[in-house]
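Hi,

Here is the structure I promised to pass on. Have a look at it first, and then read my notes below.

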Amino acid sequence: QTRQTREPKQDKIVVLSNRGPNDFVWRGGSWVVERAAGGLVSMLAPLAQRPDTTWFCCVSEPPDAQGERDGLFTTAADQCAEFDVVPLPLPPEVYQAYYGRISNEVLWMLQHHMLGPGGYELVDHARYRAWSSGYFEANRRLAAAVKETCVAPRAFLVQDYHLYPLPALLRRYFPHVRSLHFTHIPFPEPTVLRLLPKPWREAILHGMLGADRVGFQTEEDREAFLACCKYQAEREVDFETKTVRAVDGRQVYVGVYPASVDPEALLALRESPRVAEARARFADTRSEFSIVRVDRLDPSKNQLVGFKAFAQLLETRPDLHGRVIFRAFLVPSRTDHTVYRDYKTAIYREIDRINEAYGPSCGRPPIEVYYTNDREQALAALERCDVLLVNSKEDGMNLVAKEWAIVADTEHPGVLVVSETAGVAEEAAGSALTVSPLDVEETTQAMVRALEMPRTEREGRLQRFRARVRSWTASHWLTAQLTDLGVE
Ligand code: G6P
């Protein structure tokens, strides 16, 4: 018997996601809690801190940990005390198939347009098995755990591509509970979704349409979803009212809720001793200019192109040698996945090449890498950077850009260089310098332009973007969803 079954959760807003506010790792014979990375977690933390919220997340449970299941729940209760977290333990083979083989290797890759070798390539028999006995199975188990644990839930907020089938599964158990599915990453247009096996794409669309509301980051994602419903699931779609008729006749509204940040929490964090320590460390080695990037080490974030663009900057502008440093904060991510490991190797090779080539004339290695998930350290570097580089190949939103807008030092305003294909580019229009993500040349030029931009222009751009971010925060993101659901 697990803690979930012993302690019913009554009248709660129930958040469901693959990754919870913390990671539960089985190490050395016990469960340890680690800080989780990624935009989803930072978005949901403020909601999850409310006493009327319960958060279900999935955990891989190795066989030797099964005797310690109570330990898992106690760890969740003691060490994630800010939140009411219910971890769902899944056998490692189920978890690996659901999270690794389908969510990361298929859906993540497809939705970021990474097709072909190293991305989403083909679906063989093993992958079909991973779909049914991994991906679908995990969603089924999550629905069953909710049924066992929750009494009269107020609403379900289902998160992301790991859990597309879940809204329809929950509806079977709780036909009258309002639910919303939100996708944090880009949604593919019909021509791309069509590359998935027919039964999968139908299960995805019908699963999502099990919710009362479906939410996306941008207008483009919403339009893509509506088109997929029309052309891939033969649903009746009203492009004016943004509604889709589900198989059971319900009208499902499709909304746009751009993810954002919590300015007050960020400003409070900026005052913390750990940020002060990191700030002092960077001040010791401060060069005239710093270019900063902060992202998970992920091929979709396009770090390699960013370094190549920096190399080109050094190549073409010897006068900047020794005056500009590139600080790259690379957050470890999906380290079991070969594609991610190979990408890391390629990145480090490029960094070594650049540091060896330009270290002598710069007087020190021009690229500093921090391969760790240290939010405070990254914040200290962000606040005084001259260029923030966000050149993702594709990105649902990108909250780092919005974090920077809030914490950036107005005494020393920097410039955001962002790829057109990041969700945030729309809100940063007119404030940031935009680049096409695979265009190394344009990225180099944008970095140079940012470094040479007059102070008044930098200040104006930063202020405009800051005002924009302040006008739509994480709390707006949440309230809009709860209001549209009729919960608040
Ligand atoms: C993105 C996804 C999240 C995910 C995060 C980190 O932000 O939208 O669902 O949690 O990346 O990825 P990971 O695979 O480590 O959970």
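Start with β8 (residues 155–159) and β9 (residues 178–182): the two strands pair in the parallel sense, over five bridges. If you want a spot to find that pairing on screen, phenylalanine 156 stands opposite serine 179 in β9. Keep in mind throughout that this is a predicted model.

Both strands belong to an open sheet of nine, in the order β6-β5-β2-β8-β9-β10-β13-β12-β11, with mixed pairing. The edges are β6 (85–90) and β11 (237–238); each has a single partner strand, so one side of each is left without a neighbour in the sheet.

Being at an edge doesn't leave β6 out in the open, though. Six of its six residues are buried, so β6 is largely enclosed by the rest of the structure. Val85, Pro87 and Pro89 point one way from the strand, while Val86, Leu88 and Leu90 point the other way. Its link to β5 is parallel and made of six bridges, and tryptophan 55 stands opposite valine 85 there.

Towards the β11 end, helix α9 (residues 219–232) lies across β10 (213–216), β11, β12 (243–245) and β13 (251–256). The helix runs at about 155° to β13.

Another helix to look at is α2 (residues 39–48), where eight of the ten residues are buried. Those eight are Gly39, Leu40, Val41, Ser42, Met43, Leu44, Leu47 and Ala48. The cover over them includes three strands of the nine-stranded sheet, β2 (13–16), β5 (53–60) and β8, along with the helices α15 (399–407) and α18 (474–485).

Now the ligand. Which residues are around it? They are Arg19, Ala37, Gly38, Gly39, Leu40, Asp160, His184, Ile185, Ser333 and Arg334. By type, this shell divides into three nonpolar, four polar and three charged residues. Gly39 and Leu40 should look familiar: they are also among the buried residues of α2.

There is a second open sheet as well. Six strands make it up, in the order β16-β15-β14-β17-β18-β19, and the pairing is parallel. Its edge strands are β16 (367–371) and β19 (433–435), each of which pairs on one side only. From one strand to the next, the twist averages 20°.

Within that sheet, β14 and β17 pair in the parallel sense over two bridges, and the bridge partner of valine 292 in β17 is leucine 388. Helix α16 (residues 440–452) packs on the sheet, where it touches β14, β15 (324–331), β17, β18 and β19. The direction of α16 makes about 170° with that of β19.

On the other side of β17 in the strand order comes β18. Four bridges join β17 (residues 387–390) to β18, and the two run parallel; valine 390 has valine 418 as its bridge partner. Strand β18 (residues 415–419) is mostly covered, with five of its five residues buried. Val415, Val417 and Ser419 point one way from β18, and Leu416 and Val418 point the other way.

One single residue is worth a click too: proline 299, in the loop between β14 (289–296) and α12 (303–316). Is it buried or exposed? It counts as buried, because it has 23 C-beta neighbours inside 10 Å, and the cut-off for that is 20 or more. Leaving aside residues up to four places away in sequence, proline 299 touches Met114, Val339 and Tyr343. Proline 299 and serine 392 are 93 residues apart in sequence, yet their C-alpha atoms are 8.5 Å apart in space.

Finally, the chain as a whole. It has 18 helices and 19 strands. The radius of gyration is 23 Å, close to the 23 Å that the globule rule gives for 488 residues, so the chain is as compact as a globular protein of that length. The C-alpha atoms fill a box of roughly 65 × 55 × 45 Å along the principal axes. Of the 488 residues, 50% count as buried. Among contacts between residues at least 6 apart in sequence, 79% join residues at least 24 apart.

That's everything from my side.

Cheers

Conventions: Residues numbered from 1 in each chain as written. Predicted model: local features only at pLDDT ≥ 70, side-chain atom pairs only at ≥ 80, totals over all residues. Rg over C-alpha atoms; globule rule 2.2 N^0.38 Å. Buried ≥ 20, exposed ≤ 12 C-beta atoms within 10 Å, placed from the backbone. Contact = placed C-beta atoms within 7 Å. Near = placed C-beta within 6 Å. Nonpolar A, V, L, I, M, F, W, Y, C, P; charged D, E, K, R; others polar. Pairing = 2+ DSSP bridges. Axes fitted to C-alpha atoms, helices over the stretch in contact; angles between N-to-C directions.
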